[in-house]
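Biologist: Please show me the model. Then I will ask how its labels are earned.

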Amino acid sequence: MYVIIAGGGKVGSNIARSLIEMQREVTILEQRRDRFAQLEAEFGHAAMLGDATEIAVLERAGIERPPDLVLAVTGDDEDNLIISQIAKEGYGVPKAIARVNDPRNQQHFDLLGITETVCATSGLLALVEHEVPEHGLVRLLELRREGLEVVEVQVVADSPAAGKRVAGLSLPDGAQLVSVMRNGVAEIAVGETVIRPGDQVVAILKPGVEDRLRRALVG
Amino acid sequence: MHAVIIGCGRVGSSVAKQLAAEGWDVTCVDEDENALARLGAWKGGFVVGHGMDKDILEAAGAGEAEAAVVATDGDNSNLVIGQILQRRYGINCVVVRVLDPARAEFYARLGLRTVCPTQTAISTLTEAVRACEVPVPQATS
């Protein structure tokens, strides 16, 4: 497996270290000389100096082979977008994963077909929301390609779902319960599972039915 | 006819003034409010902000534009903004300034109208030397 990592900051260098430990072949590109010197000291020939948005630099890194995976993890969203596009559309790289630094730019990655993205800010925000049950419904995971999302709902004493069997709930079309977490233990939700106050219920659903699911479970 | 100009530097501001003089309704976008001074006595629109920002693009009338010129000082920003204007707002005539000839050619193949001043300079300078009346050097083999 060959991986090109564009961007040698904290994210890129730590991924490079892990992949090299896993015996993967890696090239890590960095345009800042000071950072490159550190990378070269640690990774030797696997580190390369240059701007990864320049086609000649990517070619020197072996983009024509092509690599199995390109990780665009610079601190600049425009650069990450361009690197991913050149890799996928120019060289047929099967998979490019891009870092989204500013969550407001997520829509641009979606628009330009860069579907595999990671945004630390959005991830952290989801975790924060996870800790705030008053929010009602928390998005845990978006399955973009499948057009589905996984959400969590906290059931309380006066929720309409409390005390009911899963089979007896009137859930909206396009939503299904996955699991019920009680006292830190999760069970797969089946028809006979009874929902209790305090349960954290995980559901999978099509975008757009969140509100109806929320009403069905917690009112 | 509405045109949006992203990046109001030397190039963007001059294009804006020419199009306005030809009767276009032009709005410029630049991160620096001082860029407005480059437009002189300006009757068109001017929005301060970044061209990646959807609200800014919409404030500049991207939704109603027939043409867009993207000429900020960053090639990658220009390429991304150009594609947003083309795909999200369906503007048919989007022209993008790209200084790197390789990226300009790559994105031209992907269907973006790129203009590369570097390539133009290379061709013009080479032609200028060819046009000089000096003895033709013998090719060394």
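Modeller: Start with burial: 43% of the 219 residues of chain A count as buried. This is a predicted model, where local features need pLDDT of at least 70 and side-chain atom pairs pLDDT 80 or more, while totals for chains, interfaces and linings use all residues. Residues are numbered from 1 along each chain as written, chains are lettered from A in the order written, and side-chain values use heavy atoms without hydrogens or water.

Biologist: What makes a residue of chain A count as buried?

Modeller: Buried means under 20% relative accessible area, with a 1.4 Å probe and protein chains only.

Biologist: What secondary structure does chain A have?

Modeller: Chain A has seven helices and 11 strands. These are DSSP runs: helices are H or I with at least four residues, strands E with at least two.

Biologist: Why is chain A called more spread out than a compact globule?

Modeller: Its radius of gyration, taken over C-alpha atoms, is 22 Å. The globule rule, 2.2 Å times the number of residues to the power 0.38, gives 17 Å for 219 residues. The value is well over the rule, so chain A is more spread out. Its C-alpha trace spans about 65 × 30 × 30 Å along the principal axes.

Biologist: Which residues touch the most other members of the largest nonpolar core?

Modeller: A:Leu29, A:Val70, B:Ile6 and B:Leu85, out of 53 residues. Such a core is a set of buried Ala, Val, Leu, Ile, Met, Phe, Trp, Tyr and Cys residues joined through side-chain atoms within 4.5 Å. A second, separate core of 19 residues includes A:Val155 and A:Ile195.

How values were computed
Buried < 20%, exposed > 50% of the residue type's maximum accessible area, 1.4 Å probe, protein only.
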